[in-house]
Amino acid sequence: MTQPTQPRRRWSLIGPGIVVAATGVGAGDLVATLVAGAKYGYALLWAAIIGAIIKMALAEGVGRWTLASGRTMFDGWASLPGRVGGRMNWATLYFAVYVVIWGFVYGATAMTASALPLAALWPVLDLKAWGVVNGLIGLGLVWIGGYGLFEKIMTALVGVMFVTVVGLAIIVTPDLPRLLTGAWPTLPGGSLFYTLGLIGGVGGTITMAAYGYWLNAKGWKGADWMPTMRMDNRVAYGVTGLFVVAMLIVGAELLHASGTALAGGDRGLLDLDAVLRERFGPVVSVLFLVGFWATSFSSLIGVWQGVSLMFADFWAHMAGRPDDDAFRGPRSRAARGYMLWLTFPPIVLLFLERPFGLIVAYGVLGSLFMPFLAGTLIWLLNSDRTPAEWRSRWVSNSLLAGAALMFAVLAGKEIAGLF
């Protein structure tokens, strides 16, 4: 594919950024933003905006590394020093442990989140059965379809999310002057860690590292594609920022004044559905539940597709075949094996109510991945592994360093919570 020179033509190619942003924004992220609006009104709007900017910088770093070096993120991690035996170094060992444990628990989490709105809409099946249905449909889509079909489905789901979330923000009638006051940084009493969590949580998962794999799948290879990638990334996280602002408006206008509290996790969106049904009627309620499902299911298939590509790359390195595209491609045994790992073993957790030990491991490893990604990007993008023209400058380094520090603080808080 030839790099387009006309900006209008670049707009028509936008896709991988939408995929990575939609995968990163899950139902739990929407609940966190709703709760921020319910607790603090518009006071933390600035934190939501900064969060979108930081995620944009991280995704841009992944894309710049991929296009400038011509190597995947796992290639970069494998090139770092610190061998621990065989073909592994500290970075690849961390990824190996993380991707196995995280994938096992995430599979159950994603299937449950996708099942919640469907069980509310059509209670002919219980939550566990709907979870299995969503997992199997997601597996079938990524197993049979290529990247083109996957991107079209994700774009359609983002369209549903956009209409639902932004539509809700419009019908609750935001107080625009009060909304604008939230753009000025303030910290309500006792909100420091909550604010950091809001900045770090929305739109940030392991799938940010999969951005480079989706660039390659799209056919964007080489530094000539840098302008298109950057436009793609800005549009994607601009949309993410809009989602966050819209949900903050809903929380501030619909929940803050009434003092309504939401349940934790994805189930909080069912509480919002009850409020919407009471205030606006069943039509708005049904549309919201459809948007809730689109948000959850886009995260599910994004992980099933993107993280499986990363696992296949890992497997190719361990087998000594890192340059074999067929060995590490989406139809490889390793990729499909990981898709099965995400689907079938986690079904057991749907019936075992997710054992506490696995939940703890999932939380701790999850909190440690983002500082790992930010820190290794700083290392790779300031070394001779990256062509001099595309190494990080002060703006990128500042944003990545700020992200690494912030995520490290959040990880420390997560670990401290164990004791």
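User: Let me start with a detail of the backbone. Which residue just after H11 takes a positive phi?

Analyst: That's Gly 219, with a phi of about 100 degrees. Keep in mind that we're looking at a predicted model. There's another positive phi at Thr 173, about 60 degrees, although Thr 173 is not a glycine. Thr 173 sits in the loop between helix H8 (147-171) and helix H9 (176-181).

User: Is Thr 173 buried or exposed?

Analyst: Exposed, because its relative accessibility is 57% and the cut-off for that class is over 50%.

User: Since it's a prediction, what should I look at before trusting the details?

Analyst: Look at the confidence. Where pLDDT is low, the predicted coordinates should not be read in detail. Here the protein averages 87, and 90% of the residues score at least 70. Among the elements, helix H1 (residues 7-13) has the lowest mean pLDDT, 56, while helix H5 (residues 73-79) has the highest, 96.

User: How many helices and strands does the protein have?

Analyst: The secondary structure comes to 17 helices and 2 strands. Buried residues make up 57% of the 419 residues. And if you take the contacts between residues at least 6 apart in sequence, 82% of them join residues at least 24 apart.

User: Back to H11, then. Why is H11 described as largely enclosed by the rest of the structure?

Analyst: Because 6 of its 8 residues are buried. Those are Tyr 211, Gly 212, Tyr 213, Trp 214, Leu 215 and Lys 218.

User: Does a helix have a rule of thumb I can use when I look at side chains?

Analyst: Yes: an α-helix has 3.6 residues a turn, so residues three or four places apart point the same way.

User: Now for pockets. How do I find one, and what volume does the second largest pocket have?

Analyst: The general idea is that rolling a probe the size of a water molecule over the atoms shows where empty space is left. In this structure, the second largest pocket has a volume of about 460 Å³. It is lined by 25 residues, and the closest to its centre are Tyr 213, Asn 216, Ala 217, Lys 221 and Asp 325. Helices H4 (45-69), H7 (127-144), H11 (211-218) and H14 (282-318) are the elements that give two or more residues to that lining.

User: What is the make-up of the lining by class?

Analyst: The second largest pocket is lined by 9 nonpolar, 9 polar and 7 charged residues.

User: What about H7 and H14 themselves? Pick a residue in each.

Analyst: In H7, try Leu 136. Leu 136 counts as partly exposed, because its relative accessibility is 38%. Beyond its sequence neighbours up to four places away, Leu 136 touches Thr 343 and Phe 344. Its C-alpha is also 9.6 Å from that of Leu 340, a residue 204 places away in sequence.

In H14, go to Phe 311. Phe 311 counts as buried, because its relative accessibility is 12%. Setting aside neighbours within four places in sequence, Phe 311 is in contact with Phe 95, Val 99, Ala 334 and Tyr 338. The C-alpha atoms of Phe 311 and Gly 329 are 10.0 Å apart, with their positions 18 residues apart along the chain.

User: Let's do aromatic pairs. How are the rings of Trp 90 and Phe 372 arranged?

Analyst: A pair of aromatic rings is described by the distance of the centres and the angle of the planes. The count for this model comes to 26 aromatic pairs. For Trp 90 and Phe 372, the centres are 6.0 Å apart and the planes are at 90 degrees, so the pair is edge-to-face. The pair links distant parts of the chain, with Trp 90 in helix H6 and Phe 372 in helix H16 (residues 356-381), 282 residues apart. Trp 90 is partly exposed at 34% relative accessibility, whereas Phe 372 is buried at 9%.

User: And what is Ala 91 in contact with, leaving aside its neighbours within four places in sequence?

Analyst: Trp 77, Leu 80 and Phe 372, so Phe 372 turns up again as a partner. Ala 91 is found in helix H6 (residues 90-121) and is buried, with a relative accessible area of 0%. The C-alpha atoms of Ala 91 and Leu 373 are separated by 10.0 Å, although these residues are 282 apart along the chain.

Conventions: Residues are numbered from 1 along each chain as its sequence is written. This is a predicted model: local features need pLDDT of at least 70, side-chain atom pairs count only at pLDDT 80 or more; totals for chains, interfaces and linings use all residues. Side-chain values use heavy atoms; hydrogens and water are left out. On a 1 Å grid over the protein atoms alone, a cavity is a set of points where a 1.4 Å probe fits but cannot get out, and a pocket is an open set with protein on both sides within 12 Å along at least five of seven lines; lining residues have an atom within 4 Å of a point. Grid points are joined across faces, edges and corners, and a volume is the space filled by probe spheres set on the points. Helices (H or I, at least four residues) and strands (E, at least two) are DSSP runs, numbered from the N terminus. Ala, Val, Leu, Ile, Met, Phe, Trp, Tyr, Cys and Pro count as nonpolar, Asp, Glu, Lys and Arg as charged, and the others, Gly among them, as polar. pLDDT is the predictor's confidence in each residue, from 0 to 100. Buried means under 20% relative accessible area, exposed over 50%, partly exposed in between (1.4 Å probe, protein chains only). Contact means heavy atoms within 4.5 Å. Rings of Phe, Tyr and Trp (its six-membered ring) pair if their centres lie within 6.5 Å; planes under 30 degrees apart count as stacked, over 60 as edge-to-face and the rest as tilted.
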